[in-house]
Amino acid sequence: MDDIRAGVETMRLHGTMAINGKGHLTVGGCDTVDLAENFGTPLYIMDEAYIREVCGQYRETYIEPYPGNEVLYAAKAFLTMAMVRVVAQEGLGLDVVSGGELYTALQAGFDPARICFHGNNKSREEIYAGVRANVGRIMVDNPAELDTLESVCAELGQTVSAVPRITPNVAAHTHEYVQTGQLDSKFGQAIATGQAMDLIQKIIQSKHVRLKGVHCHIGSQIFEIEAFRLAVQNMVAFVSEVREKTGVALEELNLGGGFGIYYTEGDDPQPIQSFARSIMDAVRQETGKYGLPVPRVVIEPGRSIVGAAGITLYRVGDVKVIPDVRVYVAVDGGMTDNPRYALYQAKYEAALANRMNDPLTVTASIAGKCCESGDMVARDVQLPGVAPGDLLTVFSTGAYNYSMSSNYNRLPKPAVVLVNGGKADIIVKRETPEDIIRNDVVPDRLR
Ligand code: LLP
């Protein structure tokens with residue numbers, strides 16, 4: 001019994017996850033063993049109630065107490081047309097970062113006025129699509145983008161509201177690939193070098209682009225509130241400098257996303273409410289210092305809305321025991337559906353979804369099926385004695401898994417299922433071999 005309890009506790013079942021009488025993992029009232037039977041594996045499963053619960057927490061902590069504030073869901077974490085509908089129903093705005101995300105949002109009927117269009121090198125076509133659609137904000141990363149934006153607006157005879165991306169010189173404690181607020185970053189214009197002020201002045205002088213505020217994003221999977229406080233401090237000081245130099249009072253402060261979630265032991269996410277309170281206190285305190293009005297605060301959480309709401313189910317193939325070295329559990333997916341171990345050495349918890357109550361007796365590493373040694377999904381996870389045919393689940397795969405999936409080795413992408421109240425709906429169909437060759441063209445001379 002002790003073993004069983006220990007097993008369950010380390011897995012941190014959350015959202016609507018539970019274990020049923022058969023010892024199977026259930027999510028959204030659906031037995032994962034049935035889901036695997038019905039929809040095949042690998043399978044992404046998203047817990048709709050959990051997503052809605054987190055959206056509600058963001059509304060309650062950032063918007064309701066501070067009318068005017070806005071929460072934009074960062075689409076890059078996970079976007080499908082069904083997800084767009086959920087975000088719309090939950091009353092959040094949307095941060096999109098490419099023509100593809102914008103198209104998805106518009107096709108699913110999302111209000112363009114509540115879309116902010118990000119990206120550090122948007123093409124003319126993407127900018128055109130954004131302006132044409134009348135998106136609420138275009139985020140301007142750099143002077144070249146501003147030139148394109150200005151010329152597109154002139155061509156269409158439209159004006160747009162823009163928010164420049166500023167690098168606030170904050171190095172958050174997270175993996176260096178997902179740190180973005182430091183001076184040496186490909187994103188935005190730095191306060192420290194004067195380039196941020198130059199971009200602001202260029203926007204003020206432009207004919208069709210209206211300066212609404214400033215934006216920064218310091219990184220992702222961040223646990224320290226202090227990093228956000230520092231960002232607020234530097235950004236508000238900059239807003240004050242803008243007022244001094246240009247006379248323009250900025251009404252919007254967008255602090256980006258980045259709020260960390262639980263993946264494995266050691267991850268210690270702060271309640272959304274604590275982040276909200278600290279951020280809003282810092283904004284009030286810092287603006288007070290300079291005698292500035294309190295701006296509307298915008299945040300862009302992605303991972304914290306969908307990350308823990310997702311799991312991936314895999315079927316176990318071979319189990320290879322290399323004595324005194326490692327146990328490899330081979331699954332029918334891998335870096336194609338979850339490249340985060342390969343990219344960031346990300347850590348995950350895993351379990352056997354068909355044997356949740358069995359004692360954990362094996363330390364195993366989960367290997368993908370791609371032709372690459374780096375194709376691992378997780379290392380050193382605790383499992384029951386595992387055998388071919390078992391159903392392995394990896395937790396907290398809702399963010400940056402489906403959205404970063406690939407067709408490496410020409411593997412078809414898995415289906416995505418949205419579960420809620422005992423119902424499971426396909427929201428992305430599994431790719432087929434036909435999908436894999438759909439865009440291939442064989443020139444006549446090779447026929
Ligand atoms: N806003 C901006 C401007 C961003 O660049 C991002 C994420 C977000 C908001 C949302 O951040 P979140 O709340 O999800 O942390 N692929 C990486 C994460 C890259 C994050 C990129 N930007 C990963 O799998 O960890």
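Modeller: A polar contact is a pair of N or O atoms within 3.5 Å; within protein, one must be able to donate a hydrogen and the other to accept it, and residues adjacent in sequence count only if both atoms are side-chain atoms. This is a predicted model, in which local features need pLDDT of at least 70 and side-chain atom pairs count only at pLDDT 80 or more, while totals for chains, interfaces and linings use all residues. Residues are numbered from 1 along each chain as its sequence is written, and side-chain values use heavy atoms, with hydrogens and water left out.

Biologist: What makes S220 a polar contact of the ligand?

Modeller: An N or O atom in the S220 side chain is 2.3 Å from an oxygen atom of the ligand, and the limit is 3.5 Å, so the pair counts.

Biologist: Which backbone contributes a polar atom, and at what distance from a ligand oxygen atom?

Modeller: The backbone of R303 does, at 2.7 Å. The protein covers 91% of the 580 Å² of accessible area that the ligand has on its own, by the Shrake-Rupley method with a 1.4 Å probe.

Biologist: Why is D95 called a polar contact of the ligand?

Modeller: A polar side-chain atom of D95 lies 3.4 Å from a ligand nitrogen atom; the cut-off is 3.5 Å, so D95 qualifies.

Biologist: Which residues come nearest to the ligand?

Modeller: S220, E300, R303, R340 and Y400, out of 19 around the ligand; a residue is near if one of its heavy atoms lies within 4 Å. The shell divides into six nonpolar, seven polar and six charged residues.

Biologist: How do you know that the shell draws on both domain 1 and domain 2?

Modeller: Each of domain 1 (18–47 + 307–436) and domain 2 (48–305) supplies at least three shell residues. The bounds come from an automatic or database domain assignment. The C-alpha centres of domain 1 and domain 2 are 32 Å apart. Their contact (heavy atoms within 4.5 Å) takes 24 residues from domain 1 and 21 residues from domain 2.

Biologist: Why are β4 and β16 called paired?

Modeller: Two strands (DSSP runs of E, at least two residues) pair if DSSP finds at least two bridges between them. Strand β4 (residues 43–47) and strand β16 (residues 310–322) have four, in the antiparallel sense, so the condition is met. L43 has L313 in β16 as its bridge partner.

Biologist: How many bridges join β16 to β21?

Modeller: Five, again antiparallel, with R315 opposite L391 in β21.

Terms used
Ala, Val, Leu, Ile, Met, Phe, Trp, Tyr, Cys and Pro count as nonpolar, Asp, Glu, Lys and Arg as charged, and the others, Gly among them, as polar.
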